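Let's take a walk through this structure together, one helix at a time. Have the viewer open and follow along.

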Amino acid sequence: METLQFVHSGWAYIVLLVLVIATFNALIKFFSGKEYSPVDFRFSLFALITMHIQLLIGIILFFSKDYFSTIKEVGGMGEVMKNSALRNLIVEHPLTMIIAVALVTIGYSKHKKKLVSKPKFKLLAIFYTLALVLVLAKIPWNLWFN
């Protein structure tokens with residue numbers, strides 16, 4: 001269990017780095033009017049892959065920690081929602097990260113259908129930026145710098 005938590009936490013640094021690179025790459029190239037290249041494709045693909053791997057690790061971790069017993073022990077979901085730490089751990093963090101992965105997936109899928117560079121970068125910039133904002137909002141920073 002501790003190894004899985006370590007992998008999830010460590011991989012998060014890679015996910016964040018790759019997502020930041022892919023997002024800023026799309027934003028810079030969209031606003032500068034650059035042509036879409038294989039490197040841009042790789043940045044967006046690596047962001048997609050790392051996010052999905054992190055999601056899988058997170059799902060395994062979520063179910064292996066047996067939060068359902070925790071919910072029962074504290075008196076149900078009503079009590080979980082009253083406790084900010086538990087609410088973040090059991091509800092907010094997982095849900096927000098799933099939404100972020102969905103945004104990256106949608107942005108990646110939609111950008112592949114475009115034939116011209118500007119719309120490709122626009123889609124990547126919009127969806128990856130939204131995902132990055134969500135990820136930054138729900139990273140447990142207190143655990144990262146503890």
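Helix H6, a stretch of 22 residues running from 117 to 138, is a good place to start in this predicted model. From first C-alpha to last, H6 reaches 31 Å, close to the 32 Å you would expect at 1.5 Å a residue. Which of its residues are buried? In H6 they are Ser-117, Lys-120, Phe-121, Leu-123, Leu-124, Ala-125, Phe-127, Tyr-128, Ala-131, Leu-132 and Val-135. A bit of helix geometry helps when reading a list like that: an α-helix has 3.6 residues a turn, so residues three or four places apart point the same way. As for partners, the buried residues of H6 pack against helix H1 (2-32), helix H2 (38-64) and helix H5 (84-113).

Take the H2 partner next. Two packed helices are described by the angle between their axes and the distance between the axes. For H2 and H6, the angle is about 35° and the axes are 12 Å apart, and H2 passes H6 in a left-handed crossing. If you want to colour the contact, pick Asp-40, Ser-44, Ala-47, Leu-48 and Met-51 on the H2 side, and Phe-121, Leu-124, Tyr-128 and Val-135 on the H6 side. Those four H6 residues, Phe-121, Leu-124, Tyr-128 and Val-135, also appear among the buried residues of H6.

Two lysines numbered within H6 are worth a click, too. Lys-118 lies over the face of Phe-30, at 4.4 Å from the ring centre. Lys-120, one of the buried residues of H6, lies over the face of Tyr-36, at 4.8 Å from the ring centre.

Now for H1. It has 31 residues and reaches 45 Å from its first C-alpha to its last, close to the 45 Å expected at 1.5 Å a residue. His-8, Ala-12, Val-15, Leu-16, Val-18, Leu-19, Ala-22, Thr-23, Asn-25, Ala-26 and Phe-30 are its buried residues, and they pack against H2, H5, H6 and helix H7 (141-144). Ser-9 is found in H1 as well. Is Ser-9 buried, exposed or partly exposed? Its relative accessible area is 27%, so Ser-9 is partly exposed, falling between the 20% and 50% cut-offs. Ser-9 and Ala-137 make a handy pair for a distance check: 128 residues apart in sequence, they sit 16 Å apart in space, C-alpha to C-alpha. After H1 comes Gly-33, whose phi is positive, near 75°.

Phe-30 also brings us to the aromatics. A pair of aromatic rings is described by the distance of the centres and the angle of the planes. The structure holds 7 aromatic pairs. One of them joins Phe-30 and Phe-31 edge-to-face, 5.0 Å centre to centre with 70° between the planes. The two partners have contrasting surroundings: Phe-30 is buried at a relative accessible area of 17%, whereas Phe-31 is exposed at 65%. Phe-62 and Phe-68 form another edge-to-face pair, 6.2 Å centre to centre, with 90° between the planes. Phe-62 counts as buried at 17% relative accessibility, while Phe-68 counts as partly exposed at 47%. Phe-62 and Phe-68 belong to one aromatic cluster together with Phe-63 and Tyr-67.

Tyr-67 leads on to helix H3, which covers residues 67-74. The axes of H3 and H5 come within 11 Å and cross at roughly 145°, and the crossing is left-handed. Tyr-67, Thr-70, Ile-71 and Val-74 of H3 make the contact with Leu-86, Leu-89 and Ile-90 of H5. Further along H5 you will find Thr-96, which counts as buried at 14% relative accessibility. What does Thr-96 touch, leaving aside its neighbours within four places in sequence? The contacts are Leu-134 and Lys-138.

Finally, zoom out. The secondary structure of the protein comes to 7 helices and 0 strands, and its C-alpha trace spans about 55 × 30 × 25 Å along the principal axes. Of the 146 residues, 36% are buried. Among contacts between residues at least 6 apart in sequence, 74% join residues at least 24 apart.

Technical notes: Residues numbered from 1 in each chain as written. Predicted model: local features only at pLDDT ≥ 70, side-chain atom pairs only at ≥ 80, totals over all residues. Heavy atoms only, no water. Expected span 1.5 Å × (residues − 1). Buried < 20%, exposed > 50% of the residue type's maximum accessible area, 1.4 Å probe, protein only. Contact = heavy atoms within 4.5 Å. Phe/Tyr/Trp six-rings, centres within 6.5 Å; stacked < 30°, edge-to-face > 60°. Lys NZ or Arg CZ within 6 Å of the ring centre and 35° of its normal. Axes fitted to C-alpha atoms, helices over the stretch in contact; angles between N-to-C directions. Left-handed = near helix turned anticlockwise from the far one by under 90°.
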